[in-house]
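Here is a short briefing on one protein model. Please keep the sequence and the coordinates open while reading.

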Amino acid sequence: MMTRRITQLLIGLAMYGISLAMFIRAGLGLDPWDVFHQGVSGKTGFSIGVVVIAVSFLVLLLWIPLRQMPGIGTLANAVLVGLFADLGLWLIPEFSHLGGQVAMLAGAVILNGIASACYIGARLGPGARDGLMTGLVRRTGWSVRLVRTGIEVAVLAVGWVLGGSVGVGTVVYALAIGPIVQVLLPKFMVPEPDKATAPTEVVEAAPAT
C-alpha cells in the first residue's frame, strides 16, 4: 500500500508541475497562487519553478505558529512541483494562435485536476499552501471557504500588481477545478487500512442464506 501511495504521490506532483507549465504556455491566465509566483518570477528574474519552491518553504515557516506538521507529501510537493514546472516550460512551446491556447488551457485544467486527486488521494501530507489554509481554519474557527477565499484573493492581488497573468484561465480554473477534483478524488483515494479490510470483515460476518 505504501508503494502505491508514494508512486501515486510522485506521479501526481509531476503532473501538477507540468500542468502549471501548460497554464503558462496557454497565456490565458493562471490560478491565484501561480499569478503570484509568475509575478515574483518576473520581478526577480528567477525561474517560476525556483519561485514555487522558495514560496513553498516560506509558507511552511507559517506552519510553525499554527502547529502544523508536514508529511512526506508536503516536502515532496514543495520541491517537485517547481522542478517539473520548469521542465514543462522547457519542453512545451508557446502558442500564438487562440485555438492552440484554448486547447492548452483545457488540457492544463484537466491534468491539474487529475494531479490534485492523485497527490491528495495518496494521503501523505497536504501541500504547503493547503496546509496553511487548514491550519488557519483549525486555529481561528473560521470557515474553509472564508479562509481559502481570503488567502487566494490576497495572493492574486499581489501577483497581479507584480505583473502576473490574470485572465479567462483564472476564472476557468476557479470554476472547474473543484468539481473535477470532487469527481476524481474517490477514484484515487487510498483507503485507510481498517477501511480497506472492512468489506472482507462484513462478508465473513454475514449470515449464510
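R139 is partly exposed, because its relative accessible area is 46%, which falls between the 20% and 50% limits. The model is predicted. The points below cover R139, a buried loop residue, the nonpolar cores, the largest pocket and the salt bridges.

**R139**
- R139 sits in helix α7.
- Beyond its neighbours within four places in sequence, R139 contacts P65, L66 and R67.
- From R139 to L91 the C-alpha distance is 42 Å, with their positions 48 residues apart in sequence.

**L30**
- L30 belongs to the loop between α1 and α2.
- Its relative accessible area is 1%, so L30 is buried; the limit for that class is under 20%.
- Outside the four nearest places in sequence, L30 touches F23, I24, V35, Q38, S165 and T170.
- L30 and G141 are 111 residues apart along the chain, and their C-alpha atoms are 30 Å apart.

**Nonpolar cores**
- The largest nonpolar core holds 37 residues.
- L9, L13, Y16, M22, F23, I24 and L105 have the most contacts inside this core.
- Two or more core residues come from each of α1 (2-26), α3 (48-61), α5 (72-91), α6 (98-121) and α9 (168-188).
- The top contributor is α1, with 10 residues.
- L13 touches G73, A76, N77, L80, V81 and Y119, leaving out residues up to four places away in sequence.
- A second core is separate and has 16 residues, including V40, V55, W63 and V155.

**Largest pocket**
- The volume of the largest pocket is about 1000 Å³.
- Its lining counts 40 residues, and Y16, D130, R148, E152 and Y173 are the closest to the pocket centre.
- The elements that each give two or more lining residues are α1, α2 (32-44), α3, α5, α6, α7 (128-140), α8 (144-161) and α9.
- By class, the lining has 22 nonpolar, 10 polar and 8 charged residues.
- Y16 appears in two of these topics: it is among the residues with the most contacts inside the largest core, and it is among the residues closest to the pocket centre.

**Salt bridges**
- Side chains of opposite charge can pair when their charged atoms come close.
- The structure has 2 salt bridges.
- One joins E94 and R25, with the closest N and O atoms 3.5 Å apart.
- E94 is in the loop between α5 and α6 and R25 is in helix α1, so this pair ties together parts 69 residues apart in sequence.
- E94 counts as exposed because its relative accessibility is 65%, while R25 counts as buried because its value is 18%.
- The other joins E152 and R148, with the closest N and O atoms 3.1 Å apart.
- E152 and R148 are 4 residues apart in helix α8, so about one helical turn separates them.
- At 24% relative accessibility E152 counts as partly exposed, and R148 is also partly exposed, with a relative accessible area of 37%.
- E152 and R148 are both listed among the residues closest to the centre of the largest pocket.

Notes
Residues are numbered from 1 along each chain as its sequence is written. This is a predicted model: local features need pLDDT of at least 70, side-chain atom pairs count only at pLDDT 80 or more; totals for chains, interfaces and linings use all residues. Side-chain values use heavy atoms; hydrogens and water are left out. A nonpolar core is a set of buried Ala, Val, Leu, Ile, Met, Phe, Trp, Tyr and Cys residues joined through side-chain atoms within 4.5 Å. Buried means under 20% relative accessible area, exposed over 50%, partly exposed in between (1.4 Å probe, protein chains only). Contact means heavy atoms within 4.5 Å. On a 1 Å grid over the protein atoms alone, a cavity is a set of points where a 1.4 Å probe fits but cannot get out, and a pocket is an open set with protein on both sides within 12 Å along at least five of seven lines; lining residues have an atom within 4 Å of a point. Grid points are joined across faces, edges and corners, and a volume is the space filled by probe spheres set on the points. Ala, Val, Leu, Ile, Met, Phe, Trp, Tyr, Cys and Pro count as nonpolar, Asp, Glu, Lys and Arg as charged, and the others, Gly among them, as polar. A salt bridge is a side-chain nitrogen of Lys or Arg within 4 Å of a carboxyl oxygen of Asp or Glu.
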